[in-house]
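Colleague: I would like a close look at one part of this model, taken slowly and with the criteria spelled out.

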Amino acid sequence: SDETTIAPLEKRDLGGKTINAFIRTEWDYEFVTDEESAGDTVSDAIHERNRAVEDKYNCKLNFIEQKGAWGSHTAFANKIHSSVLAGDGEYDFVAGYQAVIPTNILNGDLMNLYDVPNIEYRAEWWTQEGVDALTYNDCCYMIGGDIAVSLLEGINCMFYNKSVAENYGTPDLYALVRDGKWTHDTQLEVTKGLYSDLNGDGKKDEEDNFGYTAGVYYTRPFVVSYDTPTVSKDGKIIWNTEHTIDVVSKLVDFYANEHVFFIQDETAAEKIFTSGHSLLLESSLGRASALRSMDDDFGILPLPKYDETQKDYKTTTANHVSMICVPKTVSDPDISGFIIEALCRESTDTVAKAFYDVALKGKYTRDEESLEMIELIRSSLTFDFGWIASVITDISGYRYQVLMETGDKNFSSWYASNESSIQEKLTKYLDAYSE
């Protein structure tokens, strides 16, 4: 459709050229649609986007797939490396595993995206703050945006059960967010008194009632949302600060709080929430459609700030989401950048819109306040430079999880015993950013 809020790219005829993109089979639904997925709102939008780009610019999109989920990730990264070594320019761009792309950065396989023409980093269809966060020494090697629906799905957020909120006289959570008062402590206040041992077995388990629940993995996003950056713009490790120590201490207490329940299994956490046995569920935006079968209505909120002195809400994504990168042996960077930009901006009014529509369709009404919250969450999306490269740097959000699970507040002693090895790995990684 020509009805769009976004100015079109320059008119360009690529003369029927085939554009080859290397993608992961497990997430191929981001780019490849088939008869079976027809009728699914988001798949239809992806189909429409691809056709629009092919028609407008007279080109053919060709998606080359290889397994790239964790476990197959090394082979996927190696395939890019081999292609670069062979200089064959086989892939015009890559949609890769966010946490694995740093392997290719370290190997020197990728172009600095600031040298790739046509990509408009400042446009709302890209993760603007994320681009800044992943830039070091004027180099950025991967970018996220509306082009990849896995990134939209993987954005961390909170859900709250509106019926539970009503029953417990919970204050207006949307208003707290708007007033900048949705913080770690506020979250504890609104969940206070909600624990009850429903099955009477004397221990916290999935048959009880809670204030807050989440899968264990959801301890990690606090690295970003509570603003504990790990590496400074001049390449120093700045993780071990008073603030980080405070955050870890609060998180350990949070994990042990009787109203709070982190569980090994994300589906079990969702079941507690959908059955009306938790006020809050920390999760990701892509789970909204899976929660739609619940009887109660729910709202969407950002992850809280650490405290009111923190300037902005911040969020990040699951580490498996797709980010876009360009191999440095690409045959024509100008065309690569042009098609990446075209696909991403074309996604905003199609794929992203369809995704948000599905996420927001309540049982009875569309929740306009949740839409406002999603816009806030989306615009506050960023990454931590050290953590995103944890496969290389060993700077990991997983550390918060371990400390919480073991009830250990002593971040500094863990850090002290690992600092020199982290520093060594980081130095090597940062060398890849000196062009």
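Leaving aside its neighbours within four places in sequence, which residues is Phe-262 in contact with?

Modeller: This is a predicted model, in which local features need pLDDT of at least 70 and side-chain atom pairs count only at pLDDT 80 or more, while totals for chains, interfaces and linings use all residues. Residues are numbered from 1 along each chain as its sequence is written, and side-chain values use heavy atoms, with hydrogens and water left out.

With neighbours within four places in sequence set aside, Phe-262 is in contact (heavy atoms within 4.5 Å) with Tyr-212, Ala-214, Gly-215, Val-216, Tyr-218, Thr-219, Phe-222, Phe-254, Tyr-255, Glu-282 and Met-404. Among these partners, Phe-254 and Tyr-255 belong to α10 and Met-404 to α17, and these three also take part in the meeting of the two helices, alongside residues including Val-248, Leu-251 and Leu-403. That contact divides into 9 nonpolar residues, 1 polar and 1 charged (Ala, Val, Leu, Ile, Met, Phe, Trp, Tyr, Cys and Pro count as nonpolar, Asp, Glu, Lys and Arg as charged, and the others, Gly among them, as polar).

The axes of α10 (residues 242–256) and α17 (residues 398–406), lines fitted to C-alpha atoms over the stretch in contact with angles run from 0 to 180 degrees between N-to-C directions, come within 8 Å and cross at roughly 50 degrees. The helices themselves are DSSP runs (H or I, at least four residues), numbered from the N terminus. The two are therefore oblique to each other, a class left over once angles under 35 degrees count as roughly parallel, over 145 as roughly antiparallel and 65 to 115 as roughly perpendicular.
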